[in-house]
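Please look through the structure below with its sequence at hand. The report that follows takes up a few local features in turn.

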Amino acid sequence: MIAHSLGLFLLPCICLCAAEYYLVDDRIGLGRRFDGIGGLSGGGATSRLLINYNESYRSQILDYLFKPNFGASLHILKVEIGGDAQTTDGTEPSHMHNENDENYFRGYEWWLMKEAKKRNPDIILIGLPWAFPGWVGQGSNWPYTFPNITANYVVSWVIGAKQHHGLDINYIGIWNEKDYNVKYITVLRDTLDRAGLTGVGIIAADGNWDISKAMLGDSYLNDAVEVIGVHYPGTMTIKEAMITGKVLWSSEDYSTFNNNIGAGCWARILNQNYVNGRMTSTISWNLIASYYEDLSFGRDGLMTAEEPWSGNYVVESPIWITAHTTQFAQPGWTYLQTVGHLKHGGSYVALTDGNGNLTIIIETMVVRFYLFVLQQWYSKLNFMNKKDTLFQNITPIKVSNGYFTLQLDVDEVYTITTVTSGHKGLYPDPPEAAPFPKKYFDDFNVSNPPFSEAPCFADQTGVFEYFRNLTDPGPHVYTLRQVVTQRPVTWAYDADQTITVIGDHTWQNLSVSCDVYIENENGGVFLAARVDQGGESVKSAMGVFYWVFANGTYKVTNDLGGEKVLAEGLSGTRVGIWHTLTLTVKGYFAFGMLNGYPLWKNAVVLQPLNGWAAIGTNSFEYAQFDNFKVDAD
């Protein structure tokens, strides 16, 4: 028996019982290699608002996520490879909108990976597609018809990460939670190898365990896959996955509201994914809840940063639950064989670095371990009075004759360790929370934008990017342009129209205006208010939609699909000419102006009563927007 560090990890809501004795012993051998704890940005657009924070607050948030021995101290960052399509809470732009287009500076995932690397040079980076630009599918909603095209597209992202940002991608995935394709996986492995990327591993299939059964009967597939990654396994593994001998990960997990209930769920997952399923890495969806809360799965991140306009963010309890593991065990440590369930409920694991340190994670129980230990860190999730104790360094454990006793209560987390580098990072409180400004204006006049998206616009179908309009010598040189012209290979139920939302979902009475420029001879654009849905439900969004078309007509509808018509008529709008739309909604009535003159009035709007403002296009088409303005009551 050797001296080790000791970490304890407790789960909520387990009754205490009489004292029991457990021996942690490395003499019977070691288990699997620990591969780390991570967070997932994407799937989709879950970090969208983070980039719009002022730098001082943004840096603090990033430190809480990635800085070693400070906050969550994550070992892994997994990001979405943007595919121009809706992937839960919005769309993320592709680096190749079409086959002749390459731009490795779109979106914010490149920036996020660099910021994570800046704080932790050893962080593991993973890329996974949720959707693909339409050209990859060659007219179908399927990325596997031409596996060489898809593989080259994905590998170009890996190469671009290195060439343009100095980022080494460690792993790449197949297609999030969709069917895998054996031919494509082997082609992807071959394409990576031919590009000199033999060190980039393939994780498959980011869904259920089915691929493990196929791997047992296909040696080429088995050789191509380095990690079997599963989503939301409920801490359980199937026997076929174990028989493969491959590394097993819960490559997406958690997806829970980030209050104390979520923190307890996260604690249980981090422990039992190995106890029950021998999974050596767990990755949280999502990394940070940095999107409008009224979109799908609001506040399902490890922490919350959804108000760049106020600067407010919240370091939620899952951050400190994470720290109990990540600050005291690193990738490359090894699980001991002496892991299991406690007699009266709960479980424990033990990990060692092979150099005299050990971390033990225990669920609520009165326990005795034969170990040598020192420092003690403690958290208590108090569901009664909400007065939580989170990640406190308390009095060291006293060891007597190789034994110590620890009295555990419910809803607690302990880490006991010889590692002395643990630290609870702390910044001054951020500003108070505040609603989105009722008066908002953006002229998009940014000559060298740091990011491709305008602040606070959350694309729900299509991609809206800053654009320099070289054909306009007048006031519309810098605009916002919708750039997706072909329906993507989708992951969710994208709308047939493109749309980006902004503002406060509680807005009821407001006036919104925008200059619009139709580029397609058969095209059309809209301005909207009270948009009630986004995310995976965007296709069925309701609101007040004011459309104008290149054929000289207008339409007012109660739905994004344009079926529930409230008013329609002639507008005189044409392609290639700037027009100014103004939409006012007050109570149950809506009014519209074109170029400063009334065009329609008194459209009756019974539902919805509140929602975001929005702009968009009639189809996947080029169109430009400028001088966006909101004035809400």
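Which residues are buried in α10?

## A covered helix

This is a predicted model. In helix α10, the buried residues are S317, P318, I319, W320, I321, T322, A323, H324, T325 and T326. The helix spans residues 317-326, and 10 of its 10 residues are buried. Here buried means under 20% relative accessible area.

An α-helix has 3.6 residues a turn, so residues three or four places apart point the same way. W320 of this helix also belongs to an aromatic cluster. Ring pairs link W320 there with Y64, F70, Y313, F328, W377, F391 and Y427.

## Aromatic pairs

The model holds 38 aromatic pairs. A pair of aromatic rings is described by the distance of the centres and the angle of the planes. Take Y171 and W249: their rings are 5.2 Å apart, centre to centre. The planes stand at 70 degrees, and the pair is edge-to-face. Y171 sits in strand β6 (residues 171-172) and W249 in strand β9 (residues 247-254), so this contact ties together parts that are 78 residues apart in sequence. Both Y171 and W249 are buried.

Y274 and Y335 make a stacked pair, because their ring centres are 3.5 Å apart and their planes lie at 5 degrees. The cut-off for stacked is under 30 degrees between planes. Y274 belongs to helix α9 (residues 260-275), while Y335 belongs to strand β13 (residues 334-336), so the pair joins parts that are 61 residues apart in sequence. Y274 has a relative accessible area of 2%, so Y274 counts as buried. Y335 is buried too, because its value is 4%.

## Charges over rings

What sits over the ring of Y274? The charged end of R278 does, 5.0 Å from the ring centre. Y274 thus appears in two contacts: the ring pair with Y335 and the charge contact with R278.

A second case involves R481 and Y622. The charged end of R481 sits over the Y622 ring, at 3.9 Å from its centre.

## A strand covered on both faces

Strand β29 covers residues 542-549, and eight of its eight residues are buried. Which residues of β29 lie on each side? One side carries M542, V544, Y546 and V548. The other carries G543, F545, W547 and F549. Both faces are covered.

β29 has a partner in β28 (residues 524-531). The two run antiparallel and are joined by six bridges. β29 also pairs with β30 (residues 553-559), in the antiparallel sense, over five bridges. V548 shows both pairings: V525 stands opposite V548, and V548 stands opposite Y554 in β30. Three residues lie between the strands in the hairpin of β29 and β30. In that hairpin, G552 takes a positive phi near 85 degrees.

## Unusual backbone geometry

Most residues other than glycine have a negative phi, and most peptide bonds are trans. Where do S73 and F444 depart from this in phi? S73 has a positive phi of about 50 degrees, though it is not a glycine. S73 is in the loop between α1 and β4. Its relative accessible area is 5%, so S73 is buried. F444 has a positive phi of about 60 degrees, and F444 is not a glycine either. F444 lies in the loop between β22 (439-442) and β23 (458-461). F444 counts as buried because its relative accessibility is 1%.

Two peptide bonds deserve a look. The bond joining G43 and G44 is cis, with omega about -15 degrees. G44 is in the loop between β3 (36-41) and α1 (55-66). The bond from Q607 to P608 is also cis, with omega near -10 degrees. P608 lies in the loop between β34 (597-604) and β35 (612-617).

## Internal cavities

How many cavities of 30 Å³ or more does the whole structure hold? The search finds three. The largest has about 120 Å³ of space. Its lining is made of 13 residues. G82, P93, R106, E109 and W110 lie nearest the centre. β4 (76-81) and α2 (109-119) are the elements that give two or more residues to this lining.

By class, the lining has five nonpolar, four polar and four charged residues.

Notes:
Residues numbered from 1 in each chain as written. Predicted model: local features only at pLDDT ≥ 70, side-chain atom pairs only at ≥ 80, totals over all residues. Heavy atoms only, no water. 1 Å grid on protein atoms, 1.4 Å probe; cavity = no way out; pocket = protein on both sides within 12 Å on 5 of 7 lines; lining within 4 Å. Points joined across faces, edges and corners; volume = space filled by probe spheres on them. Helix = DSSP H or I, 4+ residues; strand = E, 2+ residues; numbered from the N terminus. Nonpolar A, V, L, I, M, F, W, Y, C, P; charged D, E, K, R; others polar. Phe/Tyr/Trp six-rings, centres within 6.5 Å; stacked < 30°, edge-to-face > 60°. Buried < 20%, exposed > 50% of the residue type's maximum accessible area, 1.4 Å probe, protein only. Lys NZ or Arg CZ within 6 Å of the ring centre and 35° of its normal. Pairing = 2+ DSSP bridges.
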